[in-house]
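Visitor: I would like to learn how to read a fold from its coordinates. Could you take me through one example, feature by feature?

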Amino acid sequence: WALLCAGDQNKHNAMTVSWGGTGVLWNLPVAFCFVRPQRFTYGILEQDSHFTLSFFGDGYREALNLCGSKSGRELDKLQAAGLDALELEDGGMGIAQARLILSCRKLYADNLKPEGFLMPDLIAKNYPNQDFHRMYIGEITNCYIAR
């Protein structure tokens with residue numbers, strides 16, 4: 001699990017993500033993640049040109065559970081989880097307690113589409129409300145490692 005964070009010092013939100021990965025695409029180091037449209041972070045991410053992925057060591061499972069089960073519309077999730085937002089050199093927001101933060105510049109975004117599924121039973125199982133995830137691909141522009 002990781003925390004996806006979007007926004008700036010004035011308005012930001014973090015949400016737990018587990019669908020995603022890293023690799024090389026278009027000859028660039030990239031990270032990708034998936035966000036449902038009803039998530040509060042989705043609206044912030046849509047308006048921002050960057051996002052971060054913060055990764056944690058042992059002992060943060062409860063905080064990540066909270067950030068994945070509560071909405072930023074209802075409370076300050078980071079405060080409730082005992083986590084602190086951290087403004088990064090590039091203006092993005094990470095999480096201070098993270099062991100690793102990947103700062104990413106958005107390169108591509110698109111919604112998963114029903115016609116793209118090669119196993120239609122995945123739609124019935126994962127998208128009964130047709131609320132398909134949006135995939136974001138970002139170039140990894142900075143990597144912050146805790147010391």
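Guide: We will go through the sheet, then a helix, then the salt bridges, bearing in mind that this is a predicted model.

Visitor: In what order do the strands of the open sheet lie, and in which sense do they pair?

Guide: A sheet is read by listing its strands as neighbours rather than by their place in the sequence. Here 7 strands form an open sheet in the order 2-1-5-8-9-4-3, with antiparallel pairing. The edges are strand 2 (12-17) and strand 3 (20-25), each of which pairs on one side only, and from one strand to the next the twist averages 35°. For a detail, take strand 1 (residues 2-7) and strand 5 (residues 50-55), which are joined by 3 bridges in the antiparallel sense; within strand 5, L53 stands opposite L4.

Visitor: Where does helix 2 lie, and which of its residues are buried?

Guide: The general idea concerns periodicity: an α-helix has 3.6 residues a turn, so residues three or four places apart point the same way. In this structure helix 2 (residues 61-69) lies across strand 1 and strand 2, running at about 110° to strand 2. Its buried residues are A63, L64 and C67, and because they fall within an arc of 95° when seen down the axis of helix 2, they line one face of the helix. The cover over these buried residues includes strand 1, strand 2 and helix 3 (77-81), whereas the face of helix 2 turned away from the buried side carries the exposed residues E62 and S69.

Visitor: How many salt bridges are there, and which parts of the chain does the pair R36 and D131 link?

Guide: With a salt bridge taken as a side-chain nitrogen of Lys or Arg within 4 Å of a carboxyl oxygen of Asp or Glu, the count comes to 4. In one of them, the closest N and O atoms of R36 and D131 are 2.8 Å apart. This pair links distant parts of the chain, 95 residues apart, with R36 in the loop between strand 4 (28-35) and helix 1 (40-47) and D131 in the loop between helix 4 (121-126) and strand 9 (134-145). R36 is partly exposed at 21% relative accessible area, while D131, at 14%, counts as buried.

Visitor: What does the salt bridge between R105 and E139 tie together?

Guide: The closest N and O atoms of R105 and E139 are 2.4 Å apart. R105 lies in strand 8 (residues 100-111) and E139 in strand 9, so the pair ties together parts that are 34 residues apart in sequence. R105 counts as partly exposed at 37% relative accessibility, and E139 as buried at 15%.

Conventions: Residues are numbered from 1 along each chain as its sequence is written. This is a predicted model: local features need pLDDT of at least 70, side-chain atom pairs count only at pLDDT 80 or more; totals for chains, interfaces and linings use all residues. Side-chain values use heavy atoms; hydrogens and water are left out. Two strands pair if DSSP finds at least two bridges between them. Helices (H or I, at least four residues) and strands (E, at least two) are DSSP runs, numbered from the N terminus. Axes are lines fitted to C-alpha atoms, for helices over the stretch in contact, and angles run from 0 to 180 degrees between N-to-C directions. Contact means heavy atoms within 4.5 Å. Buried means under 20% relative accessible area, exposed over 50%, partly exposed in between (1.4 Å probe, protein chains only). The arc is that of the directions from the helix axis to the C-beta atoms.
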